[in-house]
Amino acid sequence: MKVANHCGCKRTFLVFLLTSAFMAFCQSPSHATVFWDDEMESGNSGYSLASGAMSFDTSTKFSGNGSLRLDYPSQCYPDKILQGFQCGGYVDRTFPATSNLYRRFYLKMDNNFTVGDTETKIMATYPGGNTSFTTWWEFRFGSHEFSAVVSRTADGGSVPYGRGAIPFGQWVCIETHEQLNTPGQANGVYELWVNGTQVLSARNVMFLVSGDNNKMSINRLYRQVGLGSLWFDRIAVGDSRIGCAGSPPPSNSPPPATPTGLIVQ
């Protein structure tokens, strides 16, 4: 009479469990993605520059071999309406549609840069194929304070949020965060960091009106109103906080979502 070898079965089952767990870990989707991180150098950027408004500058840079320069001549000041939009210039870059968007970029203004007496737009976010809402990051009202603004097509709403002062003549790390609201509920998020210090945290933002389920998918870089020159470097966009110079963000950053629904294939 033979006795069944239960030890062999147990070893086989244990190997199966360990293998399954390893496969689940390896195949689980990433919950944090940096869509791009550009050095803003000629031939090394996803942006196609607006002719006459933007150029690559190898003499001024935060890192790498150069930066992106925006020049604002006299026709760009003081007001875009009075100037007949002669100073226009923007470029778009798309990313996977998301409800949660972070930017990180380095900005430098020349010592005599003058902000327009309406605003100087810097960055904007759009939903692809639909302008139901726009989120703006800009200098406002003749100051050098950075501001967040949301505008909605459906009801004509346009609401500015808190500001953070940006110094002249030096590279500054700016981080932005937009998290879309539940449609019709004022629970969206605007956050802003300057050199790693949080200067804006608004958690009552209304991006989406009821019935609007759009997501963000376009990053727009503007040159419209102002006088002088600006430089950009290391423009990065992702769905989790990126941190200055690509370093891990401070510990007060929102953690990524906990993975759920793992499937072993």
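**Note on the predicted model**

1. The protein chain contains 1 helix and 15 strands. The structure is a predicted model, and the remarks that follow should be read with that in mind. Of the 265 residues in the protein chain, 46% are buried. Among contacts with a separation of 6 or more, 67% are accounted for by residues 24 or more positions apart.

2. The sheet deserves attention at the outset. An open sheet is formed by 6 strands, which follow the order 4-14-7-8-9-10 with antiparallel pairing. Its edges are taken by strand 4 and strand 10 (158–165); each has a single partner strand, so one side of each is left without a neighbour in the sheet. From one strand to the next, the twist averages 20 degrees.

3. Within this sheet, strand 8 (residues 133–140) and strand 9 (residues 145–152) run antiparallel and are joined by 7 bridges. Trp-137 is placed opposite Ala-148 of strand 9. Trp-137 also appears among the contacts of Phe-146, a residue taken up again in the next point.

4. Which residues have the most contacts inside the largest nonpolar core? They are Phe-105, Phe-146, Tyr-190, Phe-232 and Ile-235, in a core of 46 residues. In soluble globular proteins, nonpolar side chains tend to be buried together. When neighbours within four places in sequence are left aside, the contacts of Phe-146 include Phe-105, Ile-122, Phe-139, Ile-166, Ile-174 and Leu-192. The list also includes Glu-138, Arg-163 and Thr-176, together with Gly-162 and Gly-164. Another core lies apart from the largest one; it has 6 residues, among them Ala-124, Val-149, Ile-218 and Tyr-222.

5. The whole structure holds 2 disulfides. A disulfide is a covalent bond between the sulfur atoms of two cysteines. With the bonded cysteines of the protein chain numbered in sequence order, the pairing reads 1-2, 3-4.

6. One of the disulfides connects Cys-76 with Cys-87, at an S to S distance of 1.7 Å. Both cysteines lie in the loop between strand 3 (67–72) and strand 4 (90–98), 11 residues apart. The angle about the S-S bond is 80 degrees, and the link is right-handed. Are these cysteines buried or exposed? Because buried means under 20% relative accessible area, Cys-76 qualifies with 1%, and Cys-87 likewise counts as buried at 3%.

7. A disulfide is also formed by Cys-173 and Cys-244, whose sulfur atoms are 2.2 Å apart. Cys-173 belongs to strand 11 (residues 172–179), whereas Cys-244 is in the segment after strand 15 (226–238), so the disulfide ties together parts that are 71 residues apart in sequence. This link is left-handed, with -100 degrees about the S-S bond. Cys-173 and Cys-244 are both buried.

8. Turning to charged side chains, the count of salt bridges is 12. One of them brings together the side chains of Glu-138 and Arg-140, with an N to O distance of 2.7 Å. Glu-138 and Arg-140 are both buried. Glu-138 is, in addition, one of the residues in contact with Phe-146.

9. Glu-191 and Arg-203 form a salt bridge in which the closest N and O atoms are 2.9 Å apart. This pair links distant parts of the chain, with Glu-191 in strand 12 (residues 188–194) and Arg-203 in strand 13 (residues 197–205), 12 residues apart. Glu-191 counts as buried, its relative accessibility being 3%. Elsewhere, Asp-37, Arg-104 and Arg-234 are joined into one network by salt bridges that share partners.

10. The salt bridge between the side chains of Asp-155 and Arg-152 has an N to O distance of 3.2 Å. How is each partner classed by exposure? Asp-155 has a relative accessible area of 47% and is partly exposed. Arg-152, at 13%, is buried. The two classes follow because buried means under 20% relative accessible area and exposed over 50%, with partly exposed in between.

Conventions. Residues numbered from 1 in each chain as written. Predicted model: local features only at pLDDT ≥ 70, side-chain atom pairs only at ≥ 80, totals over all residues. Heavy atoms only, no water. Salt bridge = Lys/Arg side-chain N within 4 Å of Asp/Glu carboxyl O. Buried < 20%, exposed > 50% of the residue type's maximum accessible area, 1.4 Å probe, protein only. Helix = DSSP H or I, 4+ residues; strand = E, 2+ residues; numbered from the N terminus. Disulfide = S-S within 2.5 Å. Core = buried A, V, L, I, M, F, W, Y, C linked by side-chain atoms within 4.5 Å. Contact = heavy atoms within 4.5 Å. Pairing = 2+ DSSP bridges. Axes fitted to C-alpha atoms, helices over the stretch in contact; angles between N-to-C directions.
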